[in-house]
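Here are a few exercises to work through with the model open in your viewer. Try each task before you read its solution.

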Amino acid sequence: MRIFDPHIHMTSRTTDDYEAMHAAGVRAVVEPAFWLGQPRTSVGSFVDYFDGLLGWERFRAAQFGIAHHATIALNPKEANDPRLLEVLDLLPRYLEKDGVVAVGEVGFDSMTDAEEKVMVRQLELAGEHDLPVMVHTPHRDKVAGTRRTLEIVGQVGLPPERVLVDHLNEKTVDLVDDAGCWAGFSVYPDTKMDEDRMVAILDRRGLDRVLVNSAADWGRSDPLKTYRTGQAMLAGGYSDDDVDRVLWRNPVAFYGQSGRLLLDDVTDDAGDFAGNTLQRGEPLAPGGASTAGSEG
């Protein structure tokens, strides 16, 4: 089983997670920029965060044979802080970088006017930079938030096949399917979707335009939920090819629209993180390469 987790926050995870993911078949991930839990109060903190996503985290994943990509945006929750609106001016610089495969996460948290204005601008940026977009649907008032999101996407004029609407459930999937967008599902303990519910949704709607992710982050979550969903699909009568379609080919098809997937160097053998030459505390050179010499 080969797996491309299209939404996971590896900045919040350990190297043990990378090792376990590789053993389970994960060979590629997308890490969306998101809320870190502690409110950020300055634009500079986003510069450091975005640089870390595109440098250190990509390097760290590569040690375990996993291709790391990112989506970049001002997340919905922090869109409400007027001190952070200048982040929007930073985004064009990052949206041109290799390995940035979409604008995201954009969307709603509390469905405020501020969130809507920031979402509209970031949807426009996706069009200007010829990138797909990943949309976060709110945890509260999800149906209303999803419906309003789709209205805004239509008003901005983005092609629906370039829009991924994520964190869906049984009550919102039909709205997204009817709009022609890609449907994203987070298999995440307690608060979102579980494997059996995910298989039931696939039974009902089919395998087209669907992405399954773990959304694993700093909360109670599991970076192997994509693998467990694949196992549940097999137990439910799906073929190996069906699982490959959902867990690999569909993410490649959606994010491949960016033209920036970094899959050429994906291997079956994980690297030896403990033996790499990058020592703790060493800086990365521009582009994410280690500044260390050949000896550790």
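**Exercise 1: strand S4 and its neighbours**

Ile72 stands opposite Val103 in S4. Residues are numbered from 1 along each chain as its sequence is written. The model is predicted, so local features need pLDDT of at least 70, side-chain atom pairs count only at pLDDT 80 or more, and totals for chains, interfaces and linings use all residues, while side-chain values use heavy atoms, with hydrogens and water left out.

Task: work out how S4 pairs with S3 and with S5.

Solution. Start with the terms: helices (H or I, at least four residues) and strands (E, at least two) are DSSP runs, numbered from the N terminus. Two strands pair if DSSP finds at least two bridges between them.

- Step 1: S3 and S4 are joined by 3 bridges in the parallel sense.
- Step 2: S4 and S5 also pair in parallel fashion, over 3 bridges; Gly107 has His136 in S5 as its bridge partner.
- Step 3: to get from S4 to S5 the chain passes through H5, a right-handed β-α-β crossover. Right-handed means that, with the strands pointing away from the viewer, the path from the first strand over the helix to the second runs clockwise.

**Exercise 2: the whole sheet**

Task: find the strand order and the edge strands.

Solution.

- Step 1: the open sheet has 8 strands, paired in parallel, in the order S1-S2-S3-S4-S5-S6-S7-S8.
- Step 2: strand S1 (3–5) and strand S8 (210–213) are the edges, each pairing on one side only.
- Step 3: at the S8 end, S7 (residues 182–186) pairs with S8 over 4 bridges, in the parallel sense, and Phe185 has Val212 as its bridge partner in S8.

**Exercise 3: unusual backbone spots**

Task: which peptide bond is cis, and is His167 buried or exposed?

Solution. As background, most residues other than glycine have a negative phi, and most peptide bonds are trans.

- Step 1: the cis bond joins Gly104 and Glu105, with omega about -5°. Glu105 sits in strand S4, where 8 of its 8 residues are buried (under 20% relative accessible area; exposed is over 50%, partly exposed in between, 1.4 Å probe, protein chains only).
- Step 2: His167 has a positive phi near 60° and belongs to the loop between strand S6 (163–166) and helix H7 (173–179). His167 counts as buried because its relative accessibility is 7%.
- Step 3: Asp130, in the loop between helix H5 (113–128) and strand S5 (133–136), also has a positive phi, near 55°. Asp130 counts as exposed because its relative accessibility is 52%.
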